[in-house]
Amino acid sequence: MTSNGNVKICDKGHTYVKKSDCPTCPVCEKEQKPETGFLSILAGPARRALENNGIKNLEELAACSEKEILALHGMGPSSIPKLRKALVENGLSFKGER
């Protein structure tokens, strides 16, 4: 342990320091972040919340209500305007907003 956090090693062998119990390796996270698309505009926890719940495209997102998305672990209210904008730009909306 360092004075700033715990030294951890991910499954791929990357060494990193975390102050929290979060197991996410920042090196792996950067490698996994998409460069384009609506998932690329989200912070890691919000992106993983969608991916871990099988939401990988805007059509799958549009099948959910805003309330359902906010209930996902890792999803915060600051992500909703970004998601709504991506939906609107593609002629879609959250379920119940049509």
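## Report on the predicted chain

Among contacts in the protein chain between residues at least 6 apart in sequence, 33% join residues at least 24 apart. The model is predicted. Buried residues account for 36% of the 98 residues in the protein chain.

**Overall layout**

The protein chain holds five helices and two strands. Read from the N terminus on, the order of the elements is β-β-α-α-α-α-α. The radius of gyration of the protein chain is 16 Å, well over the 13 Å that the globule rule gives for 98 residues, so the chain is more spread out than a compact globule. The C-alpha trace spans about 50 × 25 × 20 Å along its principal axes.

**The strand pair**

Strand β1, residues 6–9, pairs with strand β2, residues 15–18, in the antiparallel sense, and four bridges join them. Within this pair, N6 stands opposite K18 in β2. In a regular strand, side chains alternate between the two faces of the sheet. The hairpin of β1 and β2 has five residues between the strands, and G13 in this hairpin takes a positive phi near 95 degrees.

**The largest pocket**

The volume of the largest pocket is about 160 Å³. Its lining consists of C10, D11, K12, Y16, P23, T24, C25, C28, E29 and Q32. By class, five of the lining residues are nonpolar, two are polar and three are charged. Helix α1, residues 26–32, gives the largest share of the lining, with three residues. An α-helix has 3.6 residues a turn, so residues three or four places apart point the same way.

**Helix α2 and R47**

Helix α2 covers residues 44–52, and its buried residues are G44, A46, R47, A49 and L50. Just after α2, G54 takes a positive phi of about 75 degrees.

Is R47, a residue of helix α2, buried or exposed? R47 counts as buried because its relative accessibility is 1%, and buried means under 20%. Leaving aside residues up to four places away in sequence, R47 touches E29, Q32, K33, P34, L39 and L42. Two of these contact partners, E29 and Q32, are also among the residues that line the largest pocket.

**Three residues by accessibility**

The table sets R47 beside two loop residues.

| Residue | Place | Relative accessibility | Class |
|---|---|---|---|
| C22 | loop between β2 and α1 | 26% | partly exposed |
| R47 | helix α2 | 1% | buried |
| S78 | loop between α4 and α5 | 56% | exposed |

C22 lies in the loop between β2 and α1. Why does C22 count as partly exposed? The reason is its relative accessibility of 26%, since partly exposed covers the range between under 20% and over 50%. C22 and N6 are 16 residues apart in sequence, and their C-alpha atoms are 11 Å apart in space.

S78 sits in the loop between α4, residues 66–70, and α5, residues 79–89. S78 is exposed because its relative accessible area is 56%, and exposed means over 50%. In sequence, S78 and L42 are 36 residues apart, while the C-alpha to C-alpha distance between them is 9.4 Å. L42 is also one of the residues that R47 touches.

How values were computed
Residues numbered from 1 in each chain as written. Predicted model: local features only at pLDDT ≥ 70, side-chain atom pairs only at ≥ 80, totals over all residues. Heavy atoms only, no water. 1 Å grid on protein atoms, 1.4 Å probe; cavity = no way out; pocket = protein on both sides within 12 Å on 5 of 7 lines; lining within 4 Å. Points joined across faces, edges and corners; volume = space filled by probe spheres on them. Nonpolar A, V, L, I, M, F, W, Y, C, P; charged D, E, K, R; others polar. Pairing = 2+ DSSP bridges. Rg over C-alpha atoms; globule rule 2.2 N^0.38 Å. Buried < 20%, exposed > 50% of the residue type's maximum accessible area, 1.4 Å probe, protein only. Contact = heavy atoms within 4.5 Å.
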